Amino acid sequence: MRVVAHISDLHFGMEDERIAEILLEDIARFHPSVVVISGDLTQRARKKQFEAAGAFIRKIPVSSLVVPGNHDIPFYDVARRTLTPLSRYRHYITTDLNPVFQDDELMILGANTARAAAFKNGRISMAQIKILADKFCAAGSHLFKVLVTHHPFLPPLDSPYAALVGRGALAVEALEPCGIDLLLSGHYHRDYLGDLQSHYITVKRSIIVAQAGTTISKRTRGEKNSYDRIIIDPPDICFYRYTWDGRRFAKTMTTRYKKVNGAWQLYPQNIQETRSQDFR
Ligand SMILES: [Fe+2]
Ligand SMILES: [Fe+2]
């Protein structure tokens, strides 16, 4: 059994310091196996914003896996955006743009989808798809395999035409045979779950998509700050959503799946919490 904390779209420069503090306390308390941060660490890729994001990540008391988002590429500084788009990310966060977390139960690969040219929507390259497929396919089938990107593969339910990561269809076609079971992304500041099969007719296998909202930034776009705690215990997987209620992160939704004959099926007793409650 493994526990993953999925946080996203921190947007340092627009962060709420108190929420960031409480988030670190939560992480220290439930002590996940790894914290996944699916991009947009900063608001405008400024030095001070990256310094703050780096300081925050160093305070996380467990392993973390980070990918950049479109906001981590400078917007106004055209020279920097064109020539060295992720130089500050590399300097302050990590030089590793293809991060890996692996233990004896879990394999998580991250891929950078932030692009200076496709500034907002992002893209995955054919070279990245090959690297990911090689690593996922070479890994044992006993591992639960997870891909992390900033840009999503699945639109929000109420926005079926929302832009998705470029070459996403090619990526899922290549990665599906390698046994991936979960995709984690951010970008839309919306927390939602779905199955890749609902959107890609070429996908023959059930693969869960879990989108995180913005965890600590004031760019909430109508949805409260949130993060997800994911319990991976094959053939079961459970997603707990924690939503900021003005004082703390409270559990607001529980979604359970079980893998039956290769397909992820929702447990019938999925619970939409009507009252806020702590996770303890
Ligand atoms: Fe964002
Ligand atoms: Fe984004």
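Which helix holds the place of F50? The legends below take this up, using a predicted model.

**View 1. F50 sits in helix 2.**
Helix 2 covers residues 47–59, and F50 has its place there. F50 is buried, because 21 other C-beta atoms lie within 10 Å and the cut-off for a buried residue is 20 or more.

**View 2. F50 touches residues beyond its sequence neighbours.**
Leaving out residues up to four places away in sequence, F50 touches T42, R88, Y89, Y92 and I93. G166 gives a second reference point: F50 and G166 are 116 residues apart in sequence. In space, F50 and G166 are 26 Å apart, C-alpha to C-alpha.

**View 3. Six strands form an open sheet.**
The 6 strands follow the order 4-5-6-7-9-8. Their pairing is mixed. Strand 4 (100–102) and strand 8 (192–195) are the edge strands, and each pairs on one side only. On average, neighbouring strands of this sheet are turned by 15° against each other, direction ignored. Strands of a sheet pair through backbone hydrogen bonds, in a parallel or an antiparallel way.

**View 4. Strand 8 pairs with strand 9.**
Strand 9 spans residues 208–211. The pairing with strand 8 is antiparallel, over 4 bridges. Look for G194: this residue stands opposite V209 in strand 9.

**View 5. Helix 5 lies across three strands of the model.**
Helix 5 covers residues 126–138. The strands under view are strand 5 (106–110), strand 6 (144–148) and strand 7 (180–185). Helix 5 runs at about 175° to strand 5.

Definitions and conventions. Residues numbered from 1 in each chain as written. Chains lettered and ligands numbered in written order. Predicted model: local features only at pLDDT ≥ 70, side-chain atom pairs only at ≥ 80, totals over all residues. Pairing = 2+ DSSP bridges. Helix = DSSP H or I, 4+ residues; strand = E, 2+ residues; numbered from the N terminus. Axes fitted to C-alpha atoms, helices over the stretch in contact; angles between N-to-C directions. Contact = placed C-beta atoms within 7 Å. Buried ≥ 20, exposed ≤ 12 C-beta atoms within 10 Å, placed from the backbone.
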